[in-house]
Amino acid sequence: MAGESDLRKLLSGMRPELNPGRYVFTTVEGGVPSGITPVVMVAEREGVTLVVPREEADAAGLDYDYVAGWITLRVRSALEAVGLTASVSRELADAGLSCNVVAGFHHDHLFVPYEHADRAVAVLESLARRSA
């Protein structure tokens, strides 16, 4: 099934879902350490960025300074869709919330400050209602 491309349908149907737990961004050189199950991996010239559950990072002694809540937009967006990331990040920015976006094949994933994750979901739900 192809993903949705219509921006209005993407926004009105995004159904933001807060995943349980706290997640952190860390970087490692070489492979993923034992006991670490990343939810995101990005290979960069400087090292591999991992987004992992905070408990795993703590157990492995990994450094981090940003603790995030992980929101999944449950709408299945097409990778070539235009405007979803911009609309969502603009709405969160207008609410004073930072947002780190990762696009998966099926869904978009947002990492927001953990202490404001519930408010971020409420902001996104409001955007969805206004877009219907």
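## Nonpolar cores

The largest nonpolar core has 19 residues, and those touching the most other members are Met14, Ile71, Leu73, Val88, Leu92, Leu110 and Leu124. Two or more residues of this core come from each of H1, S4, helix H3 (84-94), S6 and helix H4 (117-131). The element that gives the most is H4, with 7 residues. The model described here is predicted.

Leu110 is one of the core residues that touch the most other members. Leaving aside residues up to four places away in sequence, Leu110 is in contact with Gly69, Trp70, Ile71, Leu73, Val88, Leu92, Cys99, Asn100, Val101 and Leu124. Apart from the largest core lies another, made up of 8 residues, including Val28, Leu50, Val52 and Ala57.

## Aromatic pairs

The model contains 4 aromatic pairs. In one of them, Phe25 and Phe111 are arranged edge-to-face, with 5.6 Å from centre to centre and 85° between the planes. This pair joins distant parts of the chain, since Phe25 belongs to strand S1 and Phe111 to strand S6 (residues 108-113), 86 residues apart. The two rings differ in burial: Phe25 has a relative accessible area of 24% and is partly exposed, whereas Phe111 is buried, at 0%. Phe25 does not count as buried because its 24% is not under the 20% limit.

Phe111 also pairs with Trp70; the ring centres are 5.9 Å apart and the planes lie at 20°, so this pair is stacked. It too links distant parts of the chain, with Trp70 in strand S4 (residues 67-73) and Phe111 in strand S6, 41 residues apart. Both Trp70 and Phe111 are buried.

Through ring pairs, Tyr23, Phe25, Tyr66, Trp70 and Phe111 are linked into a cluster. Trp70 also appears among the contacts of Leu110.

## Backbone at Arg15

Arg15 lies in the loop between helix H1 (7-12) and strand S1 (16-28). Its phi is positive, at about 40°, although Arg15 is not a glycine. The relative accessibility of Arg15 is 53%, so the residue counts as exposed, the limit being over 50%.

Two elements that flank this loop appear elsewhere in this report. H1 gives two or more residues to the largest nonpolar core, and S1 holds Phe25 of the edge-to-face pair.

Notes: Residues numbered from 1 in each chain as written. Predicted model: local features only at pLDDT ≥ 70, side-chain atom pairs only at ≥ 80, totals over all residues. Heavy atoms only, no water. Helix = DSSP H or I, 4+ residues; strand = E, 2+ residues; numbered from the N terminus. Buried < 20%, exposed > 50% of the residue type's maximum accessible area, 1.4 Å probe, protein only. Phe/Tyr/Trp six-rings, centres within 6.5 Å; stacked < 30°, edge-to-face > 60°. Core = buried A, V, L, I, M, F, W, Y, C linked by side-chain atoms within 4.5 Å. Contact = heavy atoms within 4.5 Å.
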